[in-house]
Amino acid sequence: MIQPVVLCGGSGTRLWPLSRPDRPKPFLPLLGERTLFQQTLDRTADRSRFSDPIIVAGGAHTRMIANQAGPHHLIVEPDAKNTAPAIALAAARVPRETVLLVCPSDHHIGDEVAFLEGIEAAKTLAEQGMLVCFGIAPDRPETGYGYIERGEALETGHVVSRFVEKPDSEAAERYLASGKFVWNGGIFLFRAGDYLDELAKHRPDMATLVDEAVAGGRSEGDTFYPGAAPFGEISSESVDYAVMEATERAAVVSADMGWSDIGDWNALMLAREAAGLDLCASGTQSVEAGGIMTVSDGPQISVVGLNDVIVVADGDEVLVLSRDAAQSVRQLKPADRT
């Protein structure tokens with residue numbers, strides 16, 4: 001049995017104004033009737049292969065999780081400390097030999113069969129002691145994703161040669177042309193004990209504080225509350241930096257599974273196109289306009305003489321952006337996103 005671990009976090013500022021602090025991206029139905037969070041759970045719903053999920057989230061998300069999730073175990077983080085300690089909390093709550101499938105709660109996967117095949121390939125390596133990340137074959141020189149360079153071939157994947165930060169456009173072109181690089185999909189599979197061992201090796205202070213938080217925590221039914229004081233002392237760090245870039249046991253499995261992190265409005269538009277969903281809200285009018293997407297909770301939107309733009313109307317907020325500037329939405333001042 002594989003133990004899914006679903007990480008709920010982040011503010012989703014790049015999908016403002018639809019995504020806001022009181023209704024973040026994972027809990028919105030952006031690609032069909034089910035929310036991204038529910039679709040994440042749906043992908044591991046086969047109880048002959050997967051255990052009930054462990055969901056790691058902050059207290060602000062617990063109500064939405066209760067409303068949208070089926071049977072699950074919940075770990076409520078006292079503070080947001082990024083993905084490395086969040087995963088460690090889940091790993092510390094299961095037997096060491098348990099195989100963990102770590103998934104963000106807000107990604108889209110269009111090909112579930114390919115996703116499940118990738119899990120089996122990764123499991124083979126995890127059972128040999130490897131810490132496996134999922135790589136996505138790039139189809140364009142994307143500058144908004146991190147990359148992984150694949151090294152020596154393994155039985156069902158590759159050794160990780162190196163992790164690369166989000167590149168500039170020239171570097172992204174080189175990575176695409178080389179055929180050696182894949183996007184870092186932010187999905188991981190490893191045994192709980194192997195992860196905890198590597199965390200203790202490379203971030204011993206974090207590992208100790210996680211142990212103290214688990215030892216000092218309390219359970220209420222299927223919900224676990226770690227000790228707030230030790231957890232609050234943890235330095236915020238991602239699993240990529242804390243463990244995956246440091247370990248000598250990192251492997252990557254390439255999976256062509258129609259993946260997107262839905263990281264901005266253009267990514268959502270591309271995912272909707274790939275899924276064959278409507279790009280424009282009901283009642284949208286366009287004249288001499290192409291390559292557009294509209295989202296509205298009521299007002300009719302009309303676009304005239306513009307190409308490659310996205311228009312979002314939500315409540316008393318309206319956002320108009322060019323598709324190639326989608327990453328810049330997060331630069332809006334905080335007061336403008338409330």
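**Burial, polar contacts and helix crossings in a predicted model**

Modeller: In this model, which is predicted, the side chains of His 107 and Trp 259 are joined by a polar contact of 3.1 Å.

Colleague: What makes the pair His 107 and Trp 259 a polar contact?

Modeller: The separation between the two side chains is 3.1 Å, and a pair of N or O atoms, one able to donate a hydrogen and the other to accept it, qualifies within 3.5 Å, so the pair is called a polar contact. A polar atom of the His 107 side chain also lies 3.5 Å from the backbone oxygen of Gly 185.

Colleague: Where is His 107 found, and why is His 107 called buried?

Modeller: His 107 sits in the loop between strand 4 (99-104) and strand 5 (108-109). Its relative accessible area is 10%, and buried means under 20%, so the term applies to His 107. Apart from neighbours within four places in sequence, the residues in contact with His 107 are Leu 36, Thr 40, Arg 43, Gly 185, Trp 259, Ser 260 and Asp 261.

Colleague: How do you know whether Tyr 175 counts as buried or exposed?

Modeller: The relative accessibility of Tyr 175, a residue of helix 5 (residues 169-178), is 9%; the limit for buried is under 20%, so Tyr 175 counts as buried. With neighbours within four places in sequence left aside, Tyr 175 is in contact with Tyr 147, Arg 162, Val 164, Pro 167, Lys 180 and Phe 181. The C-alpha atoms of Tyr 175 and Arg 150 are separated by 11 Å, with their positions 25 residues apart along the chain.

Colleague: Why does Ser 236 count as partly exposed?

Modeller: Ser 236 belongs to the loop between helix 8 (228-232) and helix 9 (239-244), and its relative accessibility is 48%. Buried is under 20% and exposed is over 50%, so a value in between makes Ser 236 partly exposed. When residues up to four places away in sequence are not counted, Ser 236 touches Lys 81 and Asn 82, and its C-alpha atom is 9.9 Å from that of Ala 86, 150 residues apart along the chain.

Colleague: What makes helix 3 oblique to helix 7?

Modeller: The axes of helix 3 (residues 83-92) and helix 7 (residues 204-215) come within 10 Å and cross at roughly 50°. Angles under 35 degrees count as roughly parallel and those from 65 to 115 as roughly perpendicular, so this crossing is oblique. The crossing of helix 3 and helix 7 is right-handed. Helix 3 contributes Ala 84, Pro 85, Ala 88, Leu 89 and Ala 92 to the contact, while helix 7 contributes Met 206, Val 210 and Val 214; by class, the contact has eight nonpolar, no polar and no charged residues.

Colleague: Why is helix 6 also called oblique to helix 7?

Modeller: Helix 6 (residues 192-202) packs against helix 7 at an angle of about 125°, with the axes 5 Å apart. Roughly perpendicular covers 65 to 115 degrees and roughly antiparallel begins over 145, so helix 6 is oblique to helix 7. Here Leu 199, Ala 200, Lys 201 and His 202 of helix 6 meet Pro 204, Met 206 and Ala 207 of helix 7, and these residues divide into five nonpolar, one polar and one charged.

Colleague: Which residues of helix 10 are buried, and what do they pack against?

Modeller: In helix 10 (residues 265-275), the buried residues include Trp 265, Leu 268 and Arg 272. The buried residues of this helix pack against strand 5, strand 13 (259-260), strand 15 (293-296), strand 17 (309-314) and strand 18 (317-322).

Technical notes
Residues numbered from 1 in each chain as written. Predicted model: local features only at pLDDT ≥ 70, side-chain atom pairs only at ≥ 80, totals over all residues. Heavy atoms only, no water. Axes fitted to C-alpha atoms, helices over the stretch in contact; angles between N-to-C directions. Helix = DSSP H or I, 4+ residues; strand = E, 2+ residues; numbered from the N terminus. Left-handed = near helix turned anticlockwise from the far one by under 90°. Contact = heavy atoms within 4.5 Å. Nonpolar A, V, L, I, M, F, W, Y, C, P; charged D, E, K, R; others polar. Buried < 20%, exposed > 50% of the residue type's maximum accessible area, 1.4 Å probe, protein only.
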